[in-house]
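Please walk me through this structure, beginning with a charged side chain and a ring, and going on to the sheet and the aromatic residues.

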Amino acid sequence: IDITQRKLAAAALAESEERLRLSIEAGGIGTFTIELPADEMRYSPEAAAMFGGGDELTGNLAEALARVHRDDIAEVRRQLDAVLEANGPDKLGLEFRLVRGGEVRWMMWNGRVDFAETAGRRTPQRILGVCVDTTERRQALEELARAKSELERRVAERTAALQDEMHQRQAAQAALAHSQRLEALGRLAGGLTHDFNNTLAAVSAQLEMAELRV
């Protein structure tokens, strides 16, 4: 039997699987499968490391949920319960915190639910998914948020300082204008006084001459 095509197909499949494996490793992506009827959860080595299971590549859903942070467990259970309903969604998307060896890490789950059709009723059979450690991304976003908040605070402080400086400048300009007006009034009053004194001097001289004549 000529099995050349079969060998070529097997080689192409092996090459494709190797590329996929390398891509998953490069992307830090783990894979997992949850067999719902058997209550069995299987991990890839990457996923096992993320969940803190070490070299253990099997377990169950309860063991995985036991590692979920207490502040996130209620939401995780709610979404899982929705998926496990007969007519529930066929997609799973979660982001939550895991407690791993005393360290808190952020984890993202994305999966697809496979159903079996029995007498017109869908029954969830397994969840096939990928998981990614998003701790660094979360930390980067938090750092960015802190930097943005600090920048906004500095901008607000600088704006307030500029507004205060502008008000002081306006007050100084108003005081200068008032001073200039007073100076102009002073010059005008001085000129009027000088002219009035000249007039009074002439009148006084005439009076003195008149007095001498009288």
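The charged end of R138 sits over the ring of W106, 3.8 Å from its centre, where sitting over a ring requires NZ of Lys or CZ of Arg within 6 Å of the ring centre and within 35 degrees of the ring normal. The model is predicted, so local features need pLDDT of at least 70 and side-chain atom pairs count only at pLDDT 80 or more, while totals for chains, interfaces and linings use all residues. Residues are numbered from 1 along each chain as its sequence is written, and side-chain values use heavy atoms, with hydrogens and water left out.

An open sheet of 6 strands, paired antiparallel, follows the order β3-β2-β1-β6-β5-β4; strands (E, at least two residues) are DSSP runs numbered from the N terminus, and two of them pair if DSSP finds at least two bridges between them. Because β3 (58-59) and β4 (91-100) stand at the edges with a single partner strand each, one side of each is left without a neighbour in the sheet.

Turning to the aromatic residues, rings of Phe, Tyr and Trp (its six-membered ring) pair if their centres lie within 6.5 Å, with planes under 30 degrees apart counted as stacked, over 60 as edge-to-face and the rest as tilted. The rings of F32 and W109 have centres 4.7 Å apart and planes at 35°, so this pair is tilted. The rings of F96 and W109, with centres 5.4 Å apart and planes at 85°, are edge-to-face. Both F96 and W109 are buried (under 20% relative accessible area, with exposed over 50% and partly exposed in between, using a 1.4 Å probe and protein chains only). Ring pairs thus link F32, F96 and W109 into a cluster.

Technical notes: Helix = DSSP H or I, 4+ residues; strand = E, 2+ residues; numbered from the N terminus.
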